[in-house]
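Reader: I would like to go through the ring contacts and helix packing of this model. Please show the structure before we begin.

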Amino acid sequence: MKLINILFILLGIGLTSCIDEDLNIDPNRPSSVPTTSLISTAQKHLTDNVKSEEASLRSSALFVQQISQVTYTSQSRYDIPFGYSAEIWSGLYTVLNNLQEIINLNTDDATKDLVTADGAGRNVTQIAISRVLKSYAYYALTDIFGDVPYNSYGSDDTDFQALQQNPDNITPKYASQEKIYEDILNELEQAGDTLLKYSGEKTFGVSDIIYGGDNAKWAKFANSLRLRFATRLKIKNSSIYQSHFADALQKGVFTSNADNAVYGYAAAAPNEAPYYRATVTANRRDFALSKPFIDLLKGENPQIPIADPRLSKYASVNNLGVYEGLAYGLTEAQAGVFSSGDVSLPGTIYSAADFGEVLLEYSEVEFLISEYNNWSQANYVNGVRASLEKWGVSPADINAYVSQLPPADERSVLNQKYIALFTQFLEAWSDYRRTGYPDFLIKKDDVIFSGVVEGQPVTYTFSPLFGDGSIPSRLYYPVKEQTVNLQNYQDAIQAQGNDLIETKLWVFK
C-alpha cells in the first residue's frame, strides 16, 4: 500500500490550485482525465495542510498546550506570523480546487463518461467522496479564520461564491460561519446517502489512500463527521444538532478503530508524515510535550489522579530516563536553560516517517455520543478504551486504567476526549473553544515554572505577546485578502469582529 501511495502521489505531484492550468484536459483522451491522480493529491495535500506546522505544530498544538516549544517560543505566547495564515489559506483552497475539479469532470458531458473508466467508480460516488473531503477542508478553514469564501455543490446561494467556474472571480464573498456549518452538514448528509446507496461498490480504487475505495467506509466517515459538526451547533441551533445527530446515528457511524479515517504516510521521501518532516528531515528539535500535559498523563493533575498508559506512547523519556514535560509559554531566554535532552520529546509512534495522521477516529465518536446521551457512562468508557487500543496499550493496562476512571460527567468526558485528540490538534483547539474544557490550561499571569535555575530559585509566569491573555480564538486573515479582496474582507470584519486573534468566532461564542 505504501508503494502504491508513493506512486500515486508522484503522479499527482505539482498540481496546484488552478488545476486546468496544470492539466491539459482533452475530453477525447481518457488518459488526460485523471480523477484518480487528483484524489490522491487532494487527500495528501488536505492532510499535509491540516497537520502542517502552520495549522498545527506552531499554532493549535500550542494553544491546547499539549506541545511546548523548545527553542523559539514566540508562537506559544501567541505571536503568530501573518505568513502562517497565508500558507494555511492558499494550501486549503488549493485542495478545494482539486476536489472541485473532480466534481466538474464528473458533471461535464464531455468528460463524465471518461472518468468512470478503469474501475474509478460511478460519477455520483466520485462526487460524493469529493464533497466529504471538501467539507473537511472548509471545516478547517472556518474553524481557523471564521467567515470564509465558500462553495456548495448545486447550491444557488449568492453567498457561496468560491471555486466558481469563472476563473476571473478573485473577489468572492465571505460566507458566514453559521451558513457554512449548516451547509457542511447538508453536504455530508447527501454525500453519505449516496455512498450508502452504493456501499457494496468501490470508488477510486487504490488511489484512495484513506479507505482504498470502500464506499461503505466513506459513508460511515460522512455520518461520523456529522456528529462532530452537529455538536458544534448544540447551543447555537439545538434542532439542527438533534436532527442531524439522530439521523447520522441511524444511518451508521464508526463502531470500531477499523473505521478510523487515517491518511497513512510513506517511510520514503518526499512522502513522510508532517511531524517527521518538521523535525527529522529539517534536523530540528523544536517541540517537546508540555509539562501540563505530561503531568496530566502521569496522574499528577487532581482531575485525573491516575497514571495514563498512553504516556509511553505519546512521549519519549529524557536523557535521565524519565518523562519530563517542558514548561509551557517560556520566553526564549527562559527556555534557553532547558535543552531538548532535559525534556520528553514526542514518542516513536508519532515521530515515525510513516505515521498515519487521523482525520477522525472511533474514540471521538463515542465521546460525542456520550455527550448527546447526557454524558453517558457506557459511551465514555467505550471512548477511552478505543483510544487506548488505538495506541497499542495492553488489555491488562486498559482494564486497570478504565477501572479507576472518575464517573462520567461533562468534565470527565471532555478531559478524556482532550487526551484522545493528541495529534488532532485543530479539533482539540476547536473543542476547547466550544466547551472551555479542559479548564486547567494556562492563562496570562499563571505560574508556568517554579524551581532552581543555575543555582538560583526562580518563578516564571505566563506573559502572552498578543491577544487579551486568553487562548487565541482564531488566526488572522491573510494580508493578501486586504489587497485582492478588500471589500469582502471588510464586510467579513464588519460582521464578525476585528481581525484579531481574540475575536471569538460565531460557533464558539
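Author: The questions below concern a predicted model and take up aromatic pairs, charges over rings, helices and one loop residue.

Reader: How is the aromatic pair of Tyr181 and Phe229 classed?

Author: A pair of aromatic rings is described by the distance of the centres and the angle of the planes. For Tyr181 and Phe229 the centres are 5.9 Å apart and the planes make 70°. Planes over 60 degrees apart count as edge-to-face, so the pair of Tyr181 and Phe229 is edge-to-face.

Reader: How many residues apart in sequence are the parts that this pair ties together?

Author: Tyr181 belongs to helix 7 (residues 177–197), and Phe229 belongs to helix 8 (residues 215–232). Tyr181 counts as buried at 0% relative accessibility, and Phe229 is buried at 0% as well. The parts tied together by the pair are 48 residues apart.

Reader: Which residues of helix 7 are buried, and what covers them?

Author: Helix 7 has 21 residues and spans 30 Å from its first C-alpha to its last, close to the 30 Å expected. Its buried residues include Ile180, Tyr181, Ile184, Leu188 and Leu195, and with them the charged types Asp183 and Glu187. The cover over the buried residues includes helix 6 (123–145), helix 8 and helix 9 (238–251).

Reader: What is the angle between the ring planes of Phe293 and Tyr418, and how many residues apart are they?

Author: Phe293 is buried at 1% relative accessibility, and Tyr418 is buried at 4%. The ring centres of Phe293 and Tyr418 lie 5.8 Å apart, and the pair is edge-to-face. Phe293 is in helix 11 (residues 291–298) and Tyr418 in helix 18 (residues 410–420). The plane angle is 80°, and the separation along the chain is 125 residues.

Reader: Which residues form one aromatic cluster with Phe293 and Tyr418?

Author: Phe293 and Tyr418 are both members of one aromatic cluster. The other members are Tyr275, Phe287, Tyr314, Tyr350, Phe355, Trp391, Phe422, Phe425 and Phe440.

Reader: Over which rings do Arg433 and Arg474 lie?

Author: The charged end of Arg433 is 3.6 Å from the centre of the ring beneath it, which belongs to Trp429. Arg474 is 4.7 Å from the centre of a ring whose face it lies over, and that ring belongs to Tyr477.

Reader: How many residues of helix 19 are buried?

Author: Helix 19 covers residues 425–435. Its buried residues include Phe425, Trp429 and Arg433. Just after the helix, Gly436 takes a positive phi of about 80°. The helix is mostly covered, and the number of buried residues is 11 of 11.

Reader: How are helix 4 and helix 5 oriented to each other?

Author: Helix 4 (residues 53–63) and helix 5 (residues 82–107) have axes 9 Å apart and pack at about 140°. Glu54, Ala55 and Arg58 of helix 4 make the contact with Tyr84, Glu87 and Ile88 of helix 5. Angles over 145 degrees count as roughly antiparallel and 65 to 115 as roughly perpendicular; the angle of about 140° is in neither range, so the two helices are oblique.

Reader: Is Val115 buried or exposed?

Author: Val115 is in the loop between helix 5 and helix 6. Its C-alpha is 30 Å from that of Ala269, which is 154 residues away along the chain. Under 20% relative accessible area counts as buried; Val115 has 3%, so this residue is buried.

Terms used
Residues are numbered from 1 along each chain as its sequence is written. This is a predicted model: local features need pLDDT of at least 70, side-chain atom pairs count only at pLDDT 80 or more; totals for chains, interfaces and linings use all residues. Side-chain values use heavy atoms; hydrogens and water are left out. Rings of Phe, Tyr and Trp (its six-membered ring) pair if their centres lie within 6.5 Å; planes under 30 degrees apart count as stacked, over 60 as edge-to-face and the rest as tilted. Helices (H or I, at least four residues) and strands (E, at least two) are DSSP runs, numbered from the N terminus. Buried means under 20% relative accessible area, exposed over 50%, partly exposed in between (1.4 Å probe, protein chains only). A charge sits over a ring if NZ of Lys or CZ of Arg is within 6 Å of the ring centre and within 35 degrees of the ring normal. The expected span of a helix is 1.5 Å times one less than its number of residues. Contact means heavy atoms within 4.5 Å. Axes are lines fitted to C-alpha atoms, for helices over the stretch in contact, and angles run from 0 to 180 degrees between N-to-C directions. Angles under 35 degrees count as roughly parallel, over 145 as roughly antiparallel, 65 to 115 as roughly perpendicular and the rest as oblique.
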